[in-house]
Protein chains: 2
Amino acid sequence: MLRGVVLASRAALRPVSRQNSYSFARFYSAAHTVPFTADTYSLKVQRDSKYKKLEESDIEYFRSVLKDDNYLITDKLDLDFYNEDWMRKYKGQSQLVLKPKTTEQVSQILKYCNDNLLAVVPQGGNTGLVGGSNPVFDEIIISVANLNNIRSLDTTSGIFKCDAGVILENADNYLAENGYIFPLDLGAKGSCHVGGVCATNAGGLRLLRYGSLHGSVLGLEVVLPDGTIYNSMNALRKDNTGFDLKQLFIGSEGTLGIITGVSILCPSRPTATNVAFLAVSSYEAVQKVFVGARKELSEILSAFEFMDGKSQILTARHLKTDHPIESGQYPFYVLIETSGSNRDHDMEKIETFLGNAMEEGLVDDGIIAQDETQLRNLWTWREGIPEASTAAGGVYKYDVSIPLDDLYKLVEDASERLNAAGVVDFDSDSKPVVEAIGYGHIGDGNLHLNVCVREYNKDIESILEPFVYEWIQEKKGSISAEHGLGFQKRNYISYSKSDVEIAMIKDLKNHYDPNGIMNPYKYI
Amino acid sequence: MLRGVVLASRAALRPVSRQNSYSFARFYSAAHTVPFTADTYSLKVQRDSKYKKLEESDIEYFRSVLKDDNYLITDKLDLDFYNEDWMRKYKGQSQLVLKPKTTEQVSQILKYCNDNLLAVVPQGGNTGLVGGSNPVFDEIIISVANLNNIRSLDTTSGIFKCDAGVILENADNYLAENGYIFPLDLGAKGSCHVGGVCATNAGGLRLLRYGSLHGSVLGLEVVLPDGTIYNSMNALRKDNTGFDLKQLFIGSEGTLGIITGVSILCPSRPTATNVAFLAVSSYEAVQKVFVGARKELSEILSAFEFMDGKSQILTARHLKTDHPIESGQYPFYVLIETSGSNRDHDMEKIETFLGNAMEEGLVDDGIIAQDETQLRNLWTWREGIPEASTAAGGVYKYDVSIPLDDLYKLVEDASERLNAAGVVDFDSDSKPVVEAIGYGHIGDGNLHLNVCVREYNKDIESILEPFVYEWIQEKKGSISAEHGLGFQKRNYISYSKSDVEIAMIKDLKNHYDPNGIMNPYKYI
């Protein structure tokens, strides 16, 4: 439950190589001061006294390992950049950032920290949404930003190898030059790291087409808490010799080790992309359109996003533009993207599919992008929702997975609860809540429920929680489809995992990190 | 290194629901007696005295759990069926097969075995190629054959759930009726189990298109050695709440627990399949054709298999048929399969692609199947190679992954060594070796090196080993691309895994199975 106005970020301060059409510029607001996480959550979390406090002699040791003062950050203002998350919601109190240049240095640092009970937080692009890569107290931040070399691309097989700190967009641009595509895309691609997306098992926009990182990552280089370097970077597409150890680290959110290198299988880059935007009159019809698209567009379907009508009204209000479907307001909209190797074939498939869907009465109206500008514009109506959600003041955000049949019911039920409590007014400022809206990657069963508010207050929170978590638990859904648990959802894992699973996770954590130095106070 | 004439199997005795076009009928040869593994390998492996020997009281306990005498097998002749592998190369001496009907029964059985130090071997369809699912000594065989219910299919999302003992072909037929396809196909599909393909991380014919099971399996139900039931069957396509524990069991070959249930994401079933068979004059050209196919056929490419010229001559000799490409003998052949949703589009893409490839001089001749019969016939020239390889007497088989550039060099180097030793004669019976041939899933970097022989002898073996393993190690390849390690490759893991990786694998094994009751004497 991400909450807080997404007022400001600092992506613009970072090495953003190129904004892609789906990413939105963020800005840094100096006016806003971020409270310390330790103060905000003082009742929930205390510093564990078993961890050593940083001393000058420790810094001296790290300096001797890194051999360059630029690779250690101790200046208070400079530290803020790493202590705070990009939403400026969480803030740690670390006094030291280490930016090793080699895997060997990461190993020496971790071994020392483990031997001396110094807690650490691994950090990639610092673009997470759950406070997972920021310290809570005085943990040392180990940034992999200086591990930023592309290692190799096998242009026959598409196997790409790079350091963990390579920015996703840089990796994808390099692949594009060679006819390949990174099998994952994110709004934060200009800042997030390849290692970070693996550590968090990021989902994003290409999952429907290229599947999860558990399938596409072929090997990892990981430094374990005791300094051991695990290396499976040479793994080929097929290797059935023993347990697939790398899988443990994909999605472990920095609690088991620090990923320093990634080997990943990349598909050929599609040469034709098409987008259609449709108006649909019921959620049942949305599901039917999805089944039809999976069947008829099959191998070229690369995105199937849905948005409810209210999300589009809010987005139109925020963008001060007319909606692309002018004929009226519909309860649901669907964005379909195809990616293939032959534009004519793809267009013919889309037109046939849409013709059938309209004939069956599933689609009421629709538009197909005729050029790249229109294509980007249509995506704006999906990608602009997060910003539009916060325009009135703030948003309570829930990123969940639910079986498709029940997916939208959560929005309806949440809306009903809020309306019953008399706190909703969509048009005037008389009530604290604007509306509960829903949208998301329907192809992945992933709903974003946004409760758009004019102010934060405890009453709204108590209407929504634990109601939303209990609702998801009852439907056997997941309380975090793609954002992870991090600090934010540390107390909620039991809503999605059984006691046996939680015990096994804790057991593995203790097994690999008996001193608990890796990313403490987070979800384990 | 699979060796032994693949003379006979007993698939015909099992519930084979329907032979698909790629699977070959197997037969049971009563004449052939399989020696005990314990005798054949007496110098390499001894029974561990820490394991209890089965007593009547143990059987009584199991009878009380299973409540049906049909679920316990103690008859000597009936036991053979489970003690022997389908190649009739390995034979254990188990005196008891248990065939539980429920996961709860599996749990009670394992708990008892763990408490009493009774070693066990989990068994699925018993179609493995490395002796992984057969006992070595007197381990109790736990067959999941009675766990054979399809649990559910969500026709909107394609999420399919079933018991581990469901036969792959039955699962795929059920999916076909609903417009879906199991994302994995194997020659042994008429016998192998869904749980078994997960436990061994099977690769097979659809990997190029649908990726590995690590990406498509969404959840597992697994009984751990102490009887604990781990269950992630309700996982949705996206769930980022904690470590992805199920991954540990995918490819663990029954050494960590017994898989009892599988949840897997299934793609829409393609409605159009096309096959082209091409003659190519060099391995370099094969690689270029592959890169072109990946690019131009992109989203519809579902198989890219290559075969060398000698494999085709042997297959023609064995099938007593003319090769489909009549114009002459070429050094290499390629089979390309596409699967899509529109036959006209796919055919147009193939024709354009082949036209370009021929214009560039990459393809010398080729044929495209015009109907289902021709399609099956073309596949025969790839799928018939294993049988043809053994026609002269036997075959030394190596299933390896190698970076694509070097893939075929292993066949050349092995052939050169054999020729230098003067043991090869392709046409007459004067020498023990017919030839070293190569073929495989080039799309996956997976080569099958078959050394076809007229007899087994130590001299040939010493020419090939450790030469082949050292060669693969030097190229950083894998000694088992898809067959696993099992008993056969138990001593060779160090050729593909580093000391750190082996230590981590052993450590995890000891952590989850401290008594070592799960599938002992195998690769860990």
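**Notebook: two chains and their interface**

I began with a proline: A:P466 lies in the loop between α15 (458-464) and α16 (467-474) of chain A. I note at the outset that the model I am reading is predicted.

**Entry on the cis peptide bonds.** I looked up the bond that leads into this proline. The peptide bond from A:E465 to A:P466 is cis, and its omega is near 5°. I then turned to chain B, where B:P466 is placed in the loop between α15 (458-464) and α16 (467-474). The bond from B:E465 to B:P466 is cis as well, with omega near 5°.

**Entry on a backbone angle.** I looked up B:E253 in the loop between β9 and β10 (258-265) of chain B. I found its phi near 55°, which is a positive value in a residue other than glycine.

**Entry on an annotated domain.** I checked the UniProt record for chain A. The unreviewed entry carries the annotation "domain: FAD-binding PCMH-type" for residues 90-269. Over residues 90-269 of chain A, I read 21% helix and 21% strand. The C-alpha atoms at the two ends of this stretch are 37 Å apart.

**Entry on a salt bridge within chain A.** I found A:D80 and A:K91 joined by a salt bridge, with 3.4 Å between the closest N and O atoms. A:D80 belongs to helix α3 (residues 76-83) and A:K91 to the loop between α3 and β3 (97-98), so the pair ties together parts of chain A that are 11 residues apart in sequence. Over all chains, I recorded a count of 52 salt bridges.

**Entry on the extent of the interface.** I next asked how many residues of chain B are in contact with chain A. The contact involves 93 residues of chain B and 92 residues of chain A. For the area, I noted that chain B and chain A bury about 7000 Å² between them, with 56% of it on carbon and sulfur atoms. Which residues of chain B lose the most area to chain A? They are B:K238, B:N240 and B:F243, and together they account for 14% of what that side buries.

**Entry on the pairs across the interface.** I followed B:K238 further. Its side chain meets that of A:E482 in a salt bridge, at 2.8 Å from N to O. Across the interface of chain B and chain A, I counted 6 salt bridges by the rule. I also recorded 44 residue pairs in polar contact across this interface, with both residues at pLDDT 80 or more.

**Entry on what chain B supplies.** I listed the elements of chain B that each supply at least two residues of the side touching chain A: α7 (207-210), α8 (213-216), β9 (229-231), α9 (283-296), α11 (343-359) and α17 (499-512). Of these, α17(B) gives the most, with 9 residues. I sorted the residues on this side of chain B into 32 nonpolar, 40 polar and 21 charged.

**Entry on symmetry.** I laid chain B on chain A and obtained an RMSD of 0.1 Å, by a turn of 180° and a shift of 0.0 Å along the axis. That is the relation of a two-fold axis. Where does chain B have the C-alpha nearest the axis? I located it at B:G215, 1.9 Å from the axis.

I closed by comparing the two sides of the interface. Of the interface residues of chain B, 99% are also interface residues in chain A, so the copies meet through the same surface.

Notes
Residues numbered from 1 in each chain as written. Chains lettered and ligands numbered in written order. Predicted model: local features only at pLDDT ≥ 70, side-chain atom pairs only at ≥ 80, totals over all residues. Heavy atoms only, no water. Contact = heavy atoms within 4.5 Å. Buried area = accessible area lost by both parts, 1.4 Å probe. Salt bridge = Lys/Arg side-chain N within 4 Å of Asp/Glu carboxyl O. Polar contact = N/O pair within 3.5 Å; in protein donor to acceptor, adjacent residues only side chain to side chain. Helix = DSSP H or I, 4+ residues; strand = E, 2+ residues; numbered from the N terminus. Nonpolar A, V, L, I, M, F, W, Y, C, P; charged D, E, K, R; others polar. Least-squares fit on C-alpha atoms with pLDDT ≥ 70 in both. UniProt positions renumbered as here; feature names shortened; annotations may be inferred.
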